[in-house]
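Here is a walk through one protein model, a helix at a time, with a few stops at single residues. Keep the 3D view open and turn it as you read.

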Amino acid sequence: MTACEGSTSHFPDFNLSQRLAAEGIGTCFLLIAVVGSGILGVRLASGNTAVALIANALATAAALYALIEWLGPVSGAHFNPLVTAALVIRGDLPLRTGASYVPVQLVGALVGVGVANAMFAAPVFSVSVNDRSGFSNLLSEFVSTFGLLGAVWVCSRLRPASVGGVVAAYIGGAFWFTATDFANPAVTIARAFTDSFAGIRPHDVLGFIAAEVIGAGAAIVVFRWLLPARAAV
């Protein structure tokens, strides 16, 4: 999951430490939203999985929009190593800066999972037993990641003010039109440490990350062709 506001020239007044802090805080709150809403949704849904998923999707989409609007002007609000990699490939972000973003995103995601678990009196970290194996889940990760990266690639160039709304709406919708909707390696790794509705077995993590990377790579190839550099505004 998530987004960006475009090139580093959009936030020249913030140094790298400030931008890394924004990425860490944003990724942390993203996971708090995903995991926390999943836990509360299950508790309140009285066994109705559809109601729990609605709650999870709406809370995640709303939080994601708020986080992009809140922290986008500081760091670009990537919250996702694949978004960061795409912007490095496009030349919007220096490689050194992008390499600094990724570990901060991962740490922020892990902290967010721990905070969410603790807020609902669950163990701070627990290994998930939520089975997400099989081709259908891997295909879903490919699809959800392809769409997310495509939305970021196009909207950040042609309609940068729309990125927050488009990404939040896409992720919220993908909770329902895919079998899974992680679309983010940092999120995938972190969710292995919550034995809750949002969790994923550690055994399934590598397959998810591989599908996400392939989906992101396919999106970069397709949308780089669809939107040549000269089409940027």
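A word on naming before we set off: helices here are DSSP runs of H or I with at least four residues, numbered from the N terminus. By that scheme, Leu53 sits in helix H2. Bear in mind that this is a predicted model.

Let's stay with Leu53 for a moment. Not counting residues up to four places away in sequence, Leu53 touches Phe175, Trp176 and Phe197. Take Trp176: 123 residues separate Leu53 and Trp176 along the chain, yet their C-alpha atoms are 8.2 Å apart.

Leu53 is also a good way into the largest pocket. Which residues lie nearest the centre of that pocket? They are Leu53, Arg132, Phe175, Ala179 and Phe197, out of 14 residues that line it. So two of the names you just met as contacts of Leu53, Phe175 and Phe197, turn up again here. The pocket's volume comes to about 230 Å³. H2 gives the most to the lining, with 3 residues. Sorted by class, the lining has 6 nonpolar, 5 polar and 3 charged residues.

Now follow the chain back to the stretch that comes ahead of H2. Ser46 is in the loop between H1 and H2. Is Ser46 buried or exposed? Its relative accessibility is 70%, so Ser46 counts as exposed. Check its backbone too: Ser46 has a positive phi of about 55° although it is not a glycine. Most residues other than glycine have a negative phi. Keep Ser46 in mind, since another residue with a positive phi is coming up.

Next stop, helix H3. How many of the residues of H3 are buried? The count is 7 of 10, which means that H3 is largely enclosed by the rest of the structure. The buried ones are Pro81, Leu82, Val83, Thr84, Ala86, Leu87 and Arg90. They pack against H4, helix H5 (135–158), H7 and helix H8 (202–226). Have a look at both ends of H3 as well. At its start, a side-chain oxygen of Asn80 comes to within 2.9 Å of the backbone nitrogen of Leu82. Just after H3, Gly91 takes a positive phi of about 90°.

From there, move on to helix H4, residues 95–119. With 25 residues, H4 reaches 36 Å from its first C-alpha to its last, close to the 36 Å expected at 1.5 Å a residue. Its buried residues include Thr97, Gly98, Ser100, Tyr101 and Gln105, and further along Gly108, Ala109, Gly112, Val113, Gly114, Ala116 and Asn117. What covers them? The cover includes helix H1 (16–45), helix H2 (49–75), helix H3 (81–90) and helix H7 (185–191). H3 and H4 thus appear on both sides of the account: buried residues of H3 pack against H4, and H3 is part of what covers the buried residues of H4.

Here is the other positive phi. Just after H4, Ala121 has a phi of about 60°, a positive value in a residue other than glycine. Ala121 is in the loop between H4 and H5, and because its relative accessibility is 73%, it counts as exposed. For a sense of distance, Ala121 and Ala62 are 59 residues apart in sequence and 24 Å apart in space, C-alpha to C-alpha.

Two serines round off the tour. Ser144 lies in helix H5, and at 0% relative accessibility it counts as buried. A polar atom of its side chain is 3.3 Å from the backbone oxygen of Glu141. Leaving aside neighbours within four places in sequence, Ser144 is in contact with Tyr170, Thr178, Thr180, Asp181 and Ala183.

The other serine, Ser196, lies in the loop between H7 and H8. Why does Ser196 count as buried? Its relative accessible area is 16%, and the cut-off for buried is under 20%. The side chains of Ser196 and Thr194 are joined by a polar contact of 2.7 Å. Setting aside neighbours within four places in sequence, Ser196 is in contact with Val35, Ile39 and Asn130.

Conventions: Residues numbered from 1 in each chain as written. Predicted model: local features only at pLDDT ≥ 70, side-chain atom pairs only at ≥ 80, totals over all residues. Heavy atoms only, no water. Expected span 1.5 Å × (residues − 1). Buried < 20%, exposed > 50% of the residue type's maximum accessible area, 1.4 Å probe, protein only. Contact = heavy atoms within 4.5 Å. Polar contact = N/O pair within 3.5 Å; in protein donor to acceptor, adjacent residues only side chain to side chain. 1 Å grid on protein atoms, 1.4 Å probe; cavity = no way out; pocket = protein on both sides within 12 Å on 5 of 7 lines; lining within 4 Å. Points joined across faces, edges and corners; volume = space filled by probe spheres on them. Nonpolar A, V, L, I, M, F, W, Y, C, P; charged D, E, K, R; others polar.
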